Amino acid sequence: MSHFINVILPIPLDKEFTYSINSSEAIFLKPGMRVAVQFGKSKVYAALVTQIHQNPPLVYEAKEIEHILDESPIVTLHQLELWSWISSYYMCTKGEVMRAALPTAFLLESETIILKNEKTHFDEALLKDDEFLIYEALQYQSLLRIQEIMSIINKKNVLPVIKRLIEKKVITVQEEIYEQYKPKLVRYIRLNVEYTKEESLRVLLESMTRAPKQREVLLHLFTLQAKTVKQIKVSELLKTSNSSTAVVRALIDKNILEEYHLQTDRVQYTGAVTSLTKELNAYQLKAFQEINNSFTTKDVCLLHGVTSSGKTEIYVQLIEKAIQEKKQVLYLLPEIALTTQLIARLQEYFGEQLTVYHSKYSVNERVEAWNNVKAGKSKAQVVIGARSAIFLPFTNLGLIIVDEEHENTFKQYDPAPRYHARDTAIVLAKMFESKVLLGSATPALETFYNANQKKYGFVKLTRRYGNVLMPEINLVDIKTKYRKKEMTGHFSDTLLEGINEALKEGEQVILFQNRRGYSPVIECNTCGHSPQCSNCDVSLTFHNYKNQLRCHYCGYYISMPQKCMACGSIDLTTKGFGTEQIERELKDLFPNHNIGRMDQDTTRGKHGYEKIINRFEDGDIDIMVGTQMLSKGLDFRNVSLVGVMNADNLLNFPDFRAHERSFQLMQQVAGRAGRTKKRGKVLIQTYNPFHQILQQVSVNDYEGMYTDQIEERYQYKYPPFYKTIKITGKHKDYNKVNKAMDWLGISLKNVFNENVLGPEFPPISRIRNQYHKNLIIKIPQKQSLYKTKEVIRRIHTSFKSIKEFSGVRIIINVDNY
Ligand code: ADP
Ligand code: ZN
Ligand code: ZN
């Protein structure tokens, strides 16, 4: 009887592949285990088993597997089910999901190694110089990797040389697969069992009078053992005995001490549980009970609580409850880097039980978190992480919290799978029959709609904790201010007054400007030329601090030219402003105060955010200027004024979500003001103070905003009434992408008629030398989503067979954000 397995390969291919196995392998293998298989000419991959069966593939002969990589499944059946859902819903391959889901250490890919060809002899004189260098290196080394060859011949493109050497039978190549995860081992030490008897120990110690240092170490070891029942690390012994490694080594060599190694986790929270969770106030308690009630009938609940209403403390209570029920909890956040404050707070409550799953963690650290979650260890009972944490191998999930659920960073933009973590979390929760709490002060329209439709439970928290009032929000009409000459730089007199007042009281100020750099456009006053990125269709942004012009799309930069690159005139001006310029103006306006800036340029490095947030918390900074990073749930005690430098560039963004987003962003930034005692103030500068959204922001009218926007969504056929799928074509040749997308547009319109928008070039149609052109397909509620996707797939398949369009990359984004 022959046996087969289906596997997912970590590459963007539509199908699962079938390989043959023998009968003992068939008994051993289970879905979720990895096998090494050959795919293509010589590449070897770690593939994931999804099925074991006896049906040979119809159109090809199944190859045998190379070998089995795991002793037990590393992926659970629930995960496989979730991957299937993601690949079908978001229209990507399972291989792409696998790539996103597994820590890279599990995604072994073979590496090409180069070996000497032992079978043949040849004339060294026939070799060219670079060929000879490789040949020579192989006389000393048994094998070479591609990287090494690059450095030997000092070239990037080494394949031609390798090819020639294979032809000349000098070398052979092989694929080698290797495991990246290395368990971290810690060295421990103990007394050899022989000396554990009192008598032999006495003899030993007496015999050691002439080795006082070694004797000293031994005595320290005993003290350590007396103090704790734990195993003793070599490093610990060295430290307490103040001894050298040589002394310990000597004791080991004499067989008096024994060393041994144990595996340990790299990330360990050493702090203990330091605070008790806070007692909820009456409003919080009521909300907490309402959430629990809602969970008795519904799986998902929206907690709509204004900024600083104490949502986090409610989450904490829900987590405690889940822990008591011995369930796992997933706490999803839009971004980890910006939430050190929150994580510190949770760590004080949950200590070791909290695991942070962070994309900045090393490969090994992530494997350990993965294993702990899979084993259901109490150590990882609560996992906090950004969107990719939904891929962890939960076994007993009871609760998912999606904090700041409205944030668009929950949607992965590139590469595939282009999934939305909030929506995927709801699917994940279903598999475990667990509950989902969505929390926000400014819920996504879609979520609020679902709550309105009673699909989700709904709980409201309208008061700030401690009865602090919501900040007072005023709009400042800068059009008039400019006319009346009441502006200093980009500051209205009203804003300056506000800042002065706050500073006088010893309070802090946050200023929001949604652009980094000094100014987004440089223009020549003589000829009107403004420097553009050579790879993208955008103006270069001037960065004063580095004296450079930089592209914010591709990273291209040049130093700031002295004169116009077109006409040579030295009369250059800047247009528009970014955080750097505001910082500069502030330094002149408030020379005696410390100004800080928080944007992508000042927060690089692993602890970039933390440093600047800490400085602000410590009162080391009086005024902080920043981009939307400042809106992300930060909890500062002493900020009494928040200023928005210019609201208009948010509102004018060409996107159907622009108004909703502007509202959310401004409400969130405003929410940083006056979080304790005194009522905070917010000043929003704008050319257009009568804009409906700004009016709604100024009176905290979420529901008014919702009613208007949902009406527009209905009118113009957008989510939640219609689903959208965006299709983007990319190619470096403008005409090619243009034709290709026109063809796709016509084919799709044949089926979906007026529900296809475009194709259209976006405002920035070239990025990194690739032209983009978009199509949007709108799907009415009564139209089958499944069938729609089938049609798109079919058309995409025909598209791929058209030679003229080869090389045009097609990107499908379901529920595009
Ligand atoms: P939100 O997440 O709704 O913006 P937070 O949970 O950050 O609000 O709470 C705002 C502030 O109020 C925090 O500093 C928090 O420590 C404090 N706070 C909230 N609830 C309580 C409580 N029950 N007891 C004491 N302090 C609380
Ligand atoms: Zn010029
Ligand atoms: Zn660019």
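The paragraphs below lead through a zinc site, a small set of paired strands and the nonpolar cores of a predicted model.

The zinc ion (ligand 2) is held by four sulfur donors, the SG atoms of Cys-524, Cys-527, Cys-564 and Cys-567, at 2.2 to 2.4 Å. Along the chain these donors follow the spacing C-x2-C-x36-C-x2-C, and the angles among the four donor atoms, 106 to 113°, make the site of the zinc ion (ligand 2) tetrahedral. For reference, the ideal angle for four tetrahedral donors is 109.5 degrees. Two of the donor residues can be placed by their accessibility: Cys-564 counts as buried because its relative accessibility is 6%, whereas Cys-567, at 39% relative accessibility, counts as partly exposed.

Turning to the strands, an open, antiparallel sheet is formed by three of them in the order S25-S26-S27. Its edges are strand S25 (541-543) and strand S27 (557-559), each of which pairs on one side only, and the twist from one strand to the next averages 25°. Strand S26 (residues 548-550) pairs with S27 over three bridges in the antiparallel sense, and Arg-550 has Tyr-557 in S27 as its bridge partner.

The largest nonpolar core has 116 residues, of which Trp-83, Leu-330, Leu-332, Ile-400, Met-598 and Ile-727 touch the most other members. Helix H15 (residues 421-432) gives the largest share of this core, seven residues. When residues up to four places away in sequence are not counted, the contacts of Ile-727 include Met-741, Leu-744, Leu-748, Ile-792 and Ile-810, as well as Lys-773 and Asn-774. Another core, of 34 residues, lies apart from the largest one and has Ala-322, Leu-342, Ala-386 and Val-459 among its members.

Terms used. Residues are numbered from 1 along each chain as its sequence is written. Chains are lettered from A and ligands numbered from 1 in the order in which they are written. This is a predicted model: local features need pLDDT of at least 70, side-chain atom pairs count only at pLDDT 80 or more; totals for chains, interfaces and linings use all residues. Side-chain values use heavy atoms; hydrogens and water are left out. Two strands pair if DSSP finds at least two bridges between them. Helices (H or I, at least four residues) and strands (E, at least two) are DSSP runs, numbered from the N terminus. Axes are lines fitted to C-alpha atoms, for helices over the stretch in contact, and angles run from 0 to 180 degrees between N-to-C directions. A nonpolar core is a set of buried Ala, Val, Leu, Ile, Met, Phe, Trp, Tyr and Cys residues joined through side-chain atoms within 4.5 Å. Buried means under 20% relative accessible area, exposed over 50%, partly exposed in between (1.4 Å probe, protein chains only). Contact means heavy atoms within 4.5 Å. Donors are N, O and S atoms within 2.8 Å of the metal (3.2 Å for Na, K and Ca); water is not among the atoms, so sites may look incomplete. Four donors count as tetrahedral if all angles lie between 85 and 135 degrees; four count as square planar and six as octahedral if opposite donors are over 155 degrees apart and all others between 65 and 115; anything else is irregular.
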